[in-house]
Amino acid sequence: MKLRSIELITPDAAKAAAFLTDIWGMAPAEQRGTTHYLRGSGTHPYLVALEEGQEGVRSTTFLCEETELASLQKRVAESGLAAKPVVSEDPGGGHGLIVELPEGVLFRFLAGSAEAEPLDGRDLPVKLTHVVLNAADAEAAGDVAERVLGFQVSDRTKAMVFVRCNDSHHSTAFARAGFSSLNHIAFEMADIDAVFRGIGRLRDQKMAPAWGPGRHGPGANVFAYFIAPFGAVVEFSTAVEKVADDYKVGAPEDWTWPENRIDHWGLSEKDNAALREAEQRFRFHRDWVAAPLATTAA
Ligand SMILES: [Fe+2]
């Protein structure tokens, strides 16, 4: 299973796309009507879709094999979660299902989606490395992710439940926020230099990180968070830890910091108030009606 993309809705999709291409460093992939698709250097046809409309999240998309999809469909059907079969009309196509987790988080799982030719560009994000969601009950969300989606919890901290769907330490996480929304979108950069050049590009626009640069505890990835002009929290990230199947799940008491530290480096302040405000903006928009899923392989 792989995280591929996030599909966002924003009132001025062209303006959001201009920021993500001209400043953040993505490449335009395609425009369909008023929907902009943006990509990175890797083989995914797009990483971010920006559809025009009332601000929100349409879906976060994961790619899987047909066999994974068949077993996932069976577990989702048995779970009673709202879901429906889908055929993707986004670049790459593919078929699968969309499922609504208990607090409204919308995850789409596709098999048979086409890849694109990789692009050269040292400042292009390679791919998305994680999409973090806010939750009123992050433990319950992590539990559903494990039981129904087949994901695995990697670590629990005071703030988050980190969840993986392959050997990357986390592809998603549920933040103990008290409400349900998009927390942030993290872009995998080629290396630490690419992260720092990204910080420089935003500094050229008089934009300072809301947090970072730093290196996290769980996942050990380098990070720099910004609040994009269109409202979402976006992160330059690199070097997230790879973990084995027998990775010992950490508990909050395993992830404590010395006084005056909230990351390994201690270089930067965190603008908690601005981040918290931005993290509440993108809510989940479910515009579909649940329908029965096929529970045998196509
Ligand atoms: Fe992150």
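Strands and helices in this tour are DSSP runs, strands of at least two residues and helices (H or I) of at least four, numbered from the N terminus. The model under inspection is predicted.

**Stop 1: histidine 44**

Select histidine 44, which lies in the loop between strand 3 and strand 4. Is this residue buried or exposed? A residue counts as buried if 20 or more other C-beta atoms lie within 10 Å of its own. Histidine 44 has 25 such atoms within 10 Å and is therefore buried. Next, display its contacts: leaving aside residues up to four places away in sequence, histidine 44 touches Arg4, Ser5, Arg39, Ala116 and Lys127. For a distance label, pick the C-alpha atoms of histidine 44 and aspartate 167, which are 18 Å apart in space and 123 residues apart along the chain.

**Stop 2: the open sheet**

Now show the strands as a cartoon. Eight of them make up an open sheet with mixed pairing, and their order is 2-3-4-1-5-8-7-6. Strand 2 (27-32) and strand 6 (83-87) are the edges, each pairing on one side only. Between neighbouring strands of this sheet the average turn is 20°, direction ignored.

Start at the edge formed by strand 2. Strand 2 runs antiparallel to strand 3 (residues 35-39), and five bridges join the two. Within this pair, select glutamine 31 and histidine 36, which stand opposite each other. Then add helix 1 (residues 13-24), which packs on the sheet and touches strand 1 (2-10), strand 2, strand 3 and strand 4 (48-52). The direction of helix 1 makes about 10° with that of strand 3.

**Stop 3: strand 5 and its two partners**

Move to strand 5 (residues 56-63), where eight of eight residues are buried. Strand 5 is joined to strand 1 by seven bridges, and these two strands run antiparallel. To see one bridge of this pairing, select lysine 2 together with leucine 63, its bridge partner in strand 5. Strand 5 also runs parallel to strand 8 (residues 106-111), with four bridges between them. Here the residues to select are phenylalanine 62 and phenylalanine 109, the latter in strand 8, which stand opposite each other.

**Stop 4: two domains and their contact**

Colour the chain by domain. The domain assignment gives domain 1 as 2-111 and domain 2 as 127-278. Taken over C-alpha atoms, the centres of domain 1 and domain 2 are separated by 19 Å. How many residues does each domain bring to the contact? Domain 1 supplies 30 residues and domain 2 supplies 29 residues. On the side of domain 1 that touches domain 2, the elements giving two or more residues are strand 1, helix 1, strand 5 and helix 2 (66-79). Strand 1 gives the most to that side, with six residues. Coloured by class, this side of domain 1 shows 16 nonpolar, nine polar and five charged residues.

A second colouring can follow the UniProt record, an unreviewed entry, which places the feature "domain: VOC" at residues 2-112 and 127-239. Residues 2-112 are 23% helix and 45% strand, with end C-alpha atoms 13 Å apart. For residues 127-239 the figures are 20% helix and 43% strand, and the end C-alpha atoms lie 12 Å apart.

**Stop 5: a hairpin**

Select strand 10 (residues 152-156) and strand 11 (residues 160-164). They are antiparallel and pair over four bridges, and a hairpin of three residues connects them. Strand 10 is mostly covered, since four of its five residues are buried. Within the hairpin, highlight aspartate 155 and its bridge partner in strand 11, phenylalanine 162.

**Stop 6: backbone angles**

Most residues other than glycine have a negative phi, and most peptide bonds are trans. The last selections depart from these patterns.

- Select glycine 212 and proline 213: the peptide bond from the former to the latter is cis, with omega near 5°. Proline 213 belongs to strand 14 (residues 211-215).
- Select lysine 206, in the loop between helix 4 (192-204) and strand 14. Its phi is positive, near 65°. Lysine 206 has 6 C-beta neighbours inside 10 Å and so counts as exposed.
- Select asparagine 260, in the loop between strand 16 (233-238) and helix 5 (272-278). Its phi is also positive, about 70°. Asparagine 260 counts as exposed because it has 6 C-beta neighbours inside 10 Å.

Conventions: Residues numbered from 1 in each chain as written. Predicted model: local features only at pLDDT ≥ 70, side-chain atom pairs only at ≥ 80, totals over all residues. Pairing = 2+ DSSP bridges. Axes fitted to C-alpha atoms, helices over the stretch in contact; angles between N-to-C directions. Contact = placed C-beta atoms within 7 Å. Buried ≥ 20, exposed ≤ 12 C-beta atoms within 10 Å, placed from the backbone. UniProt positions renumbered as here; feature names shortened; annotations may be inferred. Domains from an automatic or database assignment. Nonpolar A, V, L, I, M, F, W, Y, C, P; charged D, E, K, R; others polar.
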